[in-house]
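Please open the structure in your viewer and keep the sequence panel in sight. The tour goes from one selection to the next.

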Amino acid sequence: MNDATPLRGKPGQPMVGRRAPLIDGIEKVSGRAKYTADLEHTDALVGRIYRSPYSHARILNVDVSKARQLPGVIAVITGEACDKPYGILPIAQNEYPLARDRVRYRGEPVAAVAAVDIATAEAALRLIHMEVEELPAYYDVDSSRAPGAVNLHDDRPGNLEREVHHEFGDVAAGFAAADLVREETFECAEVTHMHMEPHAALAEYDVERDRITLHSVTQVPFYVHLRIARCLDLDESKVRVIKPFIGGGFGARTETLNFEIIACLLARAAGGKVRMKLSREETFLTHRGRPHTRVKLKIGMTKQGKLTACQCEATQTGGAYGGYGIVTILYAGALLNAIYDIPAVQYDGFRVYANRPTCGAMRGHGTVDVRHAFECLLDTMATEAGLDPFQVRRANLLKAPVRTINDMEVTSYGLPECIDWVEEASGWRQRKGKLPPGKGLGFACSHYVSGAAKPVHWTGEPHAVVNLKLDFDGGITILTGAADIGQGSSTILAQVVGEVLGVDFDRLTVIANDSRITPKDNGSYSSRVTFMVGNAALEAAQNLKAILVSAAARKLAVPTEEVECLGETYRIAGQQGSDISFKEVVTEALVDTGTLTVKGTFTVPKQFQGGKFHGAAVGPSMAYSYAACVVEVTVDEVTARVNVDKVWVAHDCGFALNPLSVEGQVQGAVWMGLGQALSEETRFHEGLPLAANMLDYRVPTIVESPPIEVKIVESIDPNGPFGAKEASEGALSSVIPAVANAVYDAIKVRLLETPLTPERIMDALVKEERAKKRAPAAGGR
């Protein structure tokens, strides 16, 4: 958040490892928190976007003349306002804020207006006329890749954004050595983030100084800063980006989004301030969700359950533009590794363009659908081999530290403890196979990175920077560019600094995300903040402590090694009565220097940055989290509706800097996994979204949310701050296959599509019943 937030705590109480409430919790529950749409806007114009009613068309003309003549309209812009493409990846920038030459999905921004009020802005939109030459539209990978299909982008023949082909180990030999080889194809529906806060932006242009200030809902202020400067042809020093409170992100806001640039373009065109508040439907259209993924998977296994080889083909329906697509398709293959000991892995990935809103990063980025397929097929094979699912996982555990066959370093590995706990807590051994009809237990495992080892924009700068400011008042201000999007990162940074310095919480203030004030940070994505920014905060606190110890040594007239830091007091080690107060030490430290600003940085060492093959930069991390999950379900025999009765989940987060926060993040991951498993699915009719609201797009409510029992496993990572690593995303990928495996246990029918809706389950049951009825007749003939 961008405002100063005082912290509270008890003197002498450890800062890390305790259940501390989030430092911005009071503002949020009391309604005092200011989100982007809440910011003062009485002097702001209303921004609105005219969107394409066509899925795929060549633009012949966009007539905005009547809109410009409407009284109260201050500015109208089209694709002519910006000739610079943008995108999160420097090598995949092929999207314009407002369409130029061609539209590629229904709802793509074509023009925008700034007017004195909402009614005038919306009236202006109705006066805009668009002339086009319609082109064939493709809504799925099969039609998009069909022979003769029109290319959505001229430089991407066959509508293939990216293809990946990796093989590690001898896959053919691995399958030859297997006692059991099975192959299956899974279809995983496209889903979206459904963050509570719709998109919004507030942009103000300073005409005299040619400067732009943007308040927005972003998770990545730095990347937005770069794209605004590029698209407005401004020097980066003339751009200021501020992130207020955010009502969730889950990956939707990990790249610059069109409305952010449009708001800035409108503000410049109008010569003032423009407020852009998107509707829920427009937020859906902006999208960046998890793509529909077809996973063809083949696994080899011995009689004892030891894996010998894996072959995977993943095909993703990426939408109209590049976005994070290159990274997503690489993650899907890279993280087949680093969870189990698999001697040979082949991966073929295809990211395909289609005339739908662009997909991007979503919680568990790139890994979720492939992990679902893997854990489901592994369970199928365990059943066929007469092995318990827990036995199969235990037969393939890694032994950390280890470098995987695709050059990823695993330094801490709490999966064995996770597996042990969910087995015991769920009563698996006592209850599996003994539940009443229609009830089932399912089990699965998962993992995720603790930040990408290489940043999106490689500049040679540190991966994270934190500044600490100490002044005459004895208050310590933590300055960070890391975006707290509800995950509690600002709280974690305060706890880390407080732990090192030992001071009262009251002395600490966090200021985050104002590019004029705080140091650059790459953003909140890939679960990087706790590990990377936490380490930077740790170093900054250690550097400040060294300065304070030196000041205390001068004050006490002893060598620094004889100074004992007790947080609020310093003294000569072992000498009672020599105490001097923290304020006295600060006064001494400021002599001849004044205000202290101390920096801490963090950069991932090269050994953790992956191998040298093409695409090796995606997947490596300094640490991986691990999770195991057991789900109990009841499937209604009449309606085929699945009720999740209980979830047991264990998550290895290295060390829980804040157990309360970790539990909340794991519960959130479980909740999102349940949605994807049972109900969530974007649906379109000829490119028109059919469920672009919170009523028709079915996320679990509190009614459907089961009891979730969370176990925190602490493997103490050697490189994380106090041993900590990722805590928010790793558990999600285990939930979906655990639900699917539980449903199979309940009805003895394996579903290969998600979500597991009553309609799909009923269809599967009917097909199974018909197959059983045909089987005796076929045998008789």
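This tour of a predicted model visits a sheet, the helix on it, and then some enclosed spaces.

**The sheet**

Begin by selecting strands S19, S27, S28 and S31, which form an open sheet in that order, with mixed pairing. Colour S19 (439-449) and S31 (708-713) separately: these strands stand at the edges and have a single partner strand each, so one side of each is left without a neighbour in the sheet. On average, neighbouring strands here are turned by 15° against each other, direction ignored.

Next, show S28 (residues 642-652) together with S31; the two run parallel and are joined by 6 bridges. In this pair, look for Ala650, which stands opposite Lys711 in S31.

Now add helix H18 (residues 732-747), which packs on the sheet and touches S19, S27 (624-635) and S28. The direction of H18 makes about 160° with that of S19.

**The cavities**

Turn to the interior, where the count comes to 6 cavities of 30 Å³ or more. The largest holds about 110 Å³ of space. To find this cavity, select His166, Phe168, Gly333, Ala334 and Asn406, which lie nearest its centre among 16 lining residues. Strand S8 (160-168), helix H9 (325-334) and strand S16 (345-353) each give two or more residues to this lining. Which classes make up the lining of the largest cavity? It has 10 nonpolar, 6 polar and no charged residues.

Last, go to the second largest cavity, with a volume of about 90 Å³. Select Phe284, Thr682, Phe684, Pro689 and Ala692, the closest to its centre of the 14 residues that line it. By class, this lining has 9 nonpolar, 2 polar and 3 charged residues.

How values were computed
Residues numbered from 1 in each chain as written. Predicted model: local features only at pLDDT ≥ 70, side-chain atom pairs only at ≥ 80, totals over all residues. Heavy atoms only, no water. Pairing = 2+ DSSP bridges. Helix = DSSP H or I, 4+ residues; strand = E, 2+ residues; numbered from the N terminus. Axes fitted to C-alpha atoms, helices over the stretch in contact; angles between N-to-C directions. Contact = heavy atoms within 4.5 Å. 1 Å grid on protein atoms, 1.4 Å probe; cavity = no way out; pocket = protein on both sides within 12 Å on 5 of 7 lines; lining within 4 Å. Points joined across faces, edges and corners; volume = space filled by probe spheres on them. Nonpolar A, V, L, I, M, F, W, Y, C, P; charged D, E, K, R; others polar.
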